[in-house]
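Good morning, and thank you for coming. I would ask you to keep the model in view while I go through a selection of its local features.

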Amino acid sequence: MKVIQIIDRLNVGGAERVFVNLSNLLNNNDSLEISVLTFGNSGELLKELSKEVNKIDFIRPNKFDLRKAYKLSRILKQHDVLHVHMRHVYRYIKVVCKIFNVKSKLVFQDHYGEISKDKSVPKLFKTLLKPTYYIGVSKELTTWARNKIKIKHVFLLSNIINKQSISDVTSNKKGFVIVGNIKPTKNQLFAIKLAISLKKELTIIGRVHDEDYYTMLLQYIEDENCKKQISFLHNVNNIQELLQQFELGLMTSISESGPLVLIEYLAQNLPFIAYKTGEVSDVLCKEFPASFQEDFNLNEWKTSISKIDLDKEKSSAVYNQYFSPETYIQECINIYQEIINY
């Protein structure tokens, strides 16, 4: 079976990291022939793609260049399954398939992280651009696809990460850490308020996606006179190698489809406290209920933090049960096979 994974660029982000992990893992399966296609040879995660994966860097001057679209259609026709990530990329591929009569099975994997706040249907998704095959990374997304768009063939494929073995473990822990690109949905302001109230150092790891929000955070930190307490790291690609430096991980996002960072905390046995949102939260809440909050009551978070303790043996067992690469890849291959057989 020939499968091509498609995304625009491999900048640092949850969907992009899933794309890289998935492509590398699928490439190790003898039953598949895997290629990846990006629209521009760029992004910090590009170097994390296995050298053995066939990479196609498709350059297009703009989305409306029909000659380039035709050239792309010829590439697409060479594959059995077109596995497209991100809504804007899917729109383009769907249009190319329609214009140039591409018969390959087109499956759209939706990573939309703000589904808890925004359940609107993208333009033409109920008509011309309606997906035939849809993969959601959370039950909230798959429910939305079935109920809002009335898609018949809907599949759930929860996120995973590749667990890394970190040998350089420090016993001198330096406060809290929160991981996520800086924007209002990630709610770093609440994490800052929490750290200040507990007199804990906080390291915020993530690229700036919203300049106004970042400026507001800096102003708040200055107003509270806590510059020495709060620090930012903007250019980190490998999160796991840093996590064991900290005593606690935070996840304060208002809406997530994953969140991937909770699996990274789990993989490195880092105790964490999180707002309950997303598929990963639904899974882990059953195993570690004390680590999850239903709202953003500062006093309740502080009380919970004082009681948090993560059993390392249990965290390893939970990771292997729910997020092992072997289980993940088999689920993905089963989806491909089911789509091919329709």
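Glu114 counts as partly exposed, because its relative accessibility is 25%, and partly exposed covers the range between 20% and 50%. Its partner is Lys117: the two side chains meet in a salt bridge, at 3.8 Å from N to O. Lys117 is also partly exposed, at 48% relative accessibility. I should say at once that this is a predicted model, and that the distances and accessibilities I quote are computed from it.

How many salt bridges does the structure hold? There are 9, and I will take two further examples. As a reminder, side chains of opposite charge can pair when their charged atoms come close.

The next example pairs Glu140 with Lys119, whose side chains meet at 3.0 Å, N to O. This pair links distant parts of the chain, 21 residues apart. Glu140 belongs to helix α4, residues 139–149, while Lys119 sits in the loop between β5 (105–110) and β6 (133–136). Glu140 is partly exposed at 29% relative accessibility, and Lys119 is partly exposed at 36%.

The last example is the salt bridge of Lys186 with Glu256, in which the closest N and O atoms are 2.6 Å apart. Here the pair links parts of the chain 70 residues apart. Lys186 is in the loop between β8 (176–179) and α5, and Glu256 is in the loop between β11 (248–251) and α8 (260–267). Are these two residues buried or exposed? Both Lys186 and Glu256 are buried.

I turn now to the backbone in these loops. In general, most residues other than glycine have a negative phi, and most peptide bonds are trans. Which residues have a positive phi without being glycine? Asn187 is one of them, with a phi of about 60°. Asn187 is placed in the loop between β8 and α5, the loop that also holds Lys186. Asn187 counts as buried, because its relative accessibility is 14%.

Lys150 is another non-glycine residue with a positive phi, in this case about 65°. Lys150 lies in the loop between α4 and β7 (153–156). With a relative accessible area of 56%, Lys150 is exposed, whereas Asn187 is buried.

The loop between β11 and α8 offers a further backbone feature. Gly258 and Pro259 are joined by a cis peptide bond, with omega at about -5°. Pro259 has its place in that loop, as does Glu256 of the salt bridge just described. One distance helps to place Gly258: its C-alpha atom is separated from that of Asp282 by 9.5 Å, the two residues being 24 apart along the chain. Asp282 is in helix α9, residues 279–287, and is partly exposed at 30% relative accessibility.

Next, the packing of helices. Two packed helices are described by the angle between their axes and the distance between the axes. Helix α5, residues 188–197, packs with helix α10, residues 298–305, at an angle of about 60° and with the axes 10 Å apart. The angle therefore makes α5 oblique to α10. As for the hand, the crossing of α5 and α10 is right-handed.

I come to the surface. Which residues form the nonpolar patch there? They are Leu66, Val95 and Ile99, and together they have about 270 Å² of accessible area. Leu66 lies in helix α2, residues 66–76, and counts as exposed because its relative accessibility is 55%, the cut-off being over 50%.

Within helix α2 there is a contrast to be drawn. Ala69 lies in that helix too, yet Ala69 is buried, with a relative accessible area of 6%. The C-alpha atoms of Ala69 and Tyr90 are separated by 14 Å, with their positions 21 residues apart along the chain.

Finally, the loop between β3 (54–57) and α2 contains Asn62. Asn62 is partly exposed, with a relative accessible area of 37%. Its C-alpha atom and that of Leu233 are separated by 33 Å, and the two residues are 171 apart along the chain.

That concludes my presentation, and I am glad to take questions.

Terms used. Residues numbered from 1 in each chain as written. Predicted model: local features only at pLDDT ≥ 70, side-chain atom pairs only at ≥ 80, totals over all residues. Heavy atoms only, no water. Patch = residues over 30% accessible without salt bridge, like charges linked within 9 Å, V, L, I, M, F, W, Y side chains within 5 Å. Areas by Shrake-Rupley, 256 points an atom, 1.4 Å probe, with all protein chains shown as cover. Salt bridge = Lys/Arg side-chain N within 4 Å of Asp/Glu carboxyl O. Helix = DSSP H or I, 4+ residues; strand = E, 2+ residues; numbered from the N terminus. Buried < 20%, exposed > 50% of the residue type's maximum accessible area, 1.4 Å probe, protein only. Axes fitted to C-alpha atoms, helices over the stretch in contact; angles between N-to-C directions. Parallel < 35°, antiparallel > 145°, perpendicular 65-115°, else oblique. Left-handed = near helix turned anticlockwise from the far one by under 90°.
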